[in-house]
Amino acid sequence: MQTIQQDTSVVIIGAGVAGLTLATFLQKSGVACVVIERRERDYIEVRQRAGVVEARAVDMFVRWGLADQLLAGPVAQTIDYRINGASRVFDIALGEESTSRFCTQQMLVNNLLRELLDNMHGDVRFGVEDVFIQNDNASRPTVAYADANGMCDITCDYIVGCDGDRGVSRASIPEGVLTKYSHEFGYAWLAALVEAPVTGHPIMGMSDHGFVAQLPRGPQRSRYYLQCALEDGPGDWPDERIWGAIRLRLNDETITNATVHDKDFVALRSVVYAPMQYRKLFLAGDVAHLVPPAGAKGMNMALYDVDVLATALVKAVLEHDEAGLNNYSDTVLPHVWRYEEFSAWMTDTMHDAGDPGQHGGLRQMIARARIDALFESPGAARLHAEFQRGTV
Ligand SMILES: Cc1cc2nc3c(=O)[nH]c(=O)nc-3n(C[C@H](O)[C@H](O)[C@H](O)COP(=O)(O)OP(=O)(O)OC[C@H]3O[C@@H](n4cnc5c(N)ncnc54)[C@H](O)[C@@H]3O)c2cc1C
């Protein structure tokens, strides 16, 4: 079969939130790019995960002139930190007007696809297989793939890997170039999408029986997260057990069962790969760093990476100035580490403050003291709010 030869400025591997945002910024700036994605479009359009675009990322979309096209309306930014059912509501905006926007990851991805494909006539190729990266000392790298039309070889100036933790881009970097930093927390979350809205504030619930959270996912739905054992699977958590655990951990017998649409199990871990570039290949989003979801930062960190990278790529391609690209990893890694720290703080605090079987009574009381400080110390509250808004 004949291989089609093509040429572009930037090839982006992966059409998740990182790849599509980057492509939209580049397309809007007049930089030619091609996105290749191994899944079909209809799969990408229904994948559910994150819920809130933090204030910093909203400012980023405003700066790129895309906020109104991509994001939903403002969201009241409060969190009900509940210990054994006793509720204390933390105001992330600290009395000011909240600029964070409610926008599920799925809504953002759909809006990006509409903007990039329908309005900007961008080039996203779904259902590709056998992606192969050649990024040696040749002046221009290539990305090869196969799809229903045959085989294609794209020569480009730069490649961006936005293909998540299990993609091909990071794996193409020779052994010994990247350092992997990782930590396993030793427990998992059961994520259950349910047909029941959040009626008050989003809840982060710590209980002697384990952690539970309820976060909004649209006007009729919410997602519950329940701390569970690493080895647990769907067979261990029939719907009746899920609702029983929610009532027990929130200390609220008035909660009634509702339809559970899906159940996912996520082992909680933190991972960073550094540096986030190798020759003409740049990494952005989950491919370079993972955070446990307790801080709600994974998507927002991916958005930070692509903001820096899009600015650097526009300069490199349109003005032949590679300074920003050369410094990409050094520019974003301090931000990555700040939000790795915040996500680990949230994870340890939310779980240690709950079941003492986790790390013992001393750690339970220390974690509860950390929560108290958020309500009693203006300094602690301000720092926490800034992390939540993404402005640290
Ligand atoms: C349960 C859960 C809850 C979460 N909640 C939040 C939250 O509240 N807030 C928040 O900010 N973040 C949250 N996150 C994290 C967030 O979902 C991720 O950080 C985000 O999806 C990262 O975006 P990405 O584009 O880097 O990766 P992805 O969204 O994973 O996209 C990667 C894309 O690359 C494609 N791909 C993979 N391999 C290849 C290949 N070989 N060739 C071509 N394409 C390939 C994949 O199909 C995929 O479409 C949560 C995550 C989970 C699991």
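Setting aside neighbours within four places in sequence, Leu 325 touches Tyr 158, Gln 277, Phe 282, Leu 309, Ala 312, Leu 313 and Ala 316. This is a predicted model, and Leu 325 sits in its helix α8, residues 323–326. With a relative accessible area of 2%, Leu 325 falls under the 20% cut-off and therefore counts as buried. Asp 42 is 283 residues away from Leu 325 in sequence, and the two C-alpha atoms are 33 Å apart in space.

Now for the strands. Ile 154 belongs to β11, which covers residues 150–155. The relative accessibility of Ile 154 is 1%, so this residue is buried. Beyond its neighbours within four places in sequence, Ile 154 is in contact with Gln 6, Asp 7, Thr 8, Val 11, Val 34, Arg 125, Pro 141, Thr 142, Val 143 and Tyr 145. Leu 108 is 46 residues from Ile 154 along the chain, with 28 Å between their C-alpha atoms.

Thr 142, one of the residues that Ile 154 touches, is part of strand β10, residues 142–147. Thr 142 has a relative accessible area of 18%; the limit for buried is under 20%, so Thr 142 still makes it into that class. Apart from neighbours within four places in sequence, the contacts of Thr 142 are Phe 132, Ile 133, Gln 134, Asp 153, Ile 154, Thr 155 and Ile 159.

Turning to the helices, α1 has 13 residues and runs 18 Å from its first C-alpha to its last, close to the 18 Å expected at 1.5 Å a residue. Most of α1 is covered, with 10 of the 13 residues buried. Those buried in α1 are Val 17, Ala 18, Gly 19, Leu 20, Thr 21, Leu 22, Ala 23, Thr 24, Phe 25 and Leu 26. Right after α1 comes Gly 30, with a positive phi near 85°.

Helix α6 spans residues 239–250, and its 12 residues should cover 16 Å at 1.5 Å a residue; the end C-alpha atoms are 17 Å apart, which agrees. The buried residues here are Ile 242, Trp 243, Ala 245, Ile 246, Arg 247, Arg 249 and Leu 250. Their cover includes a set of strands: β5 (78–83), β13 (179–194), β14 (203–206), β15 (212–216), β16 (222–228) and β17 (260–274). Asn 251 follows α6 and has a positive phi, near 55°.

On to the ligand, which has 33 residues around it, the closest being Glu 37, Arg 47, Gln 105, Asp 286 and Met 299. Two of the polar contacts involve ligand oxygen atoms and protein side chains: one such oxygen is 2.6 Å from an N or O atom in the side chain of Gln 105, and a ligand oxygen is 2.7 Å from an N or O atom in the side chain of Asp 286. A ligand nitrogen, in turn, is 3.3 Å from a polar backbone atom of Gly 298. On its own the ligand has 1,000 Å² of accessible area, and the protein covers 91% of that. Two elements give two or more residues to the surrounding shell, namely α1 (17–29) and α7 (298–319). Of these, α7 gives the most, with three residues. By residue type, the shell splits into 15 nonpolar, nine polar and nine charged.

A few backbone details in the loops round things off. The peptide bond joining Ala 274 to Pro 275 is cis, and its omega is near -5°. Pro 275 is placed in the loop between β17 and β18 (277–278). His 121, a residue other than glycine, has a positive phi near 55°. The loop holding His 121 connects α5 (105–119) and β8 (123–125). At 63% relative accessibility, His 121 is over the 50% limit and so counts as exposed. Ala 296 is not a glycine either, yet its phi is positive at about 55°. Ala 296 lies in the loop between β20 (289–290) and α7, and with 52% relative accessibility Ala 296 also counts as exposed.

Terms used. Residues numbered from 1 in each chain as written. Predicted model: local features only at pLDDT ≥ 70, side-chain atom pairs only at ≥ 80, totals over all residues. Heavy atoms only, no water. Helix = DSSP H or I, 4+ residues; strand = E, 2+ residues; numbered from the N terminus. Expected span 1.5 Å × (residues − 1). Buried < 20%, exposed > 50% of the residue type's maximum accessible area, 1.4 Å probe, protein only. Contact = heavy atoms within 4.5 Å. Near = heavy atom within 4 Å. Polar contact = N/O pair within 3.5 Å; in protein donor to acceptor, adjacent residues only side chain to side chain. Areas by Shrake-Rupley, 256 points an atom, 1.4 Å probe, with all protein chains shown as cover. Nonpolar A, V, L, I, M, F, W, Y, C, P; charged D, E, K, R; others polar.
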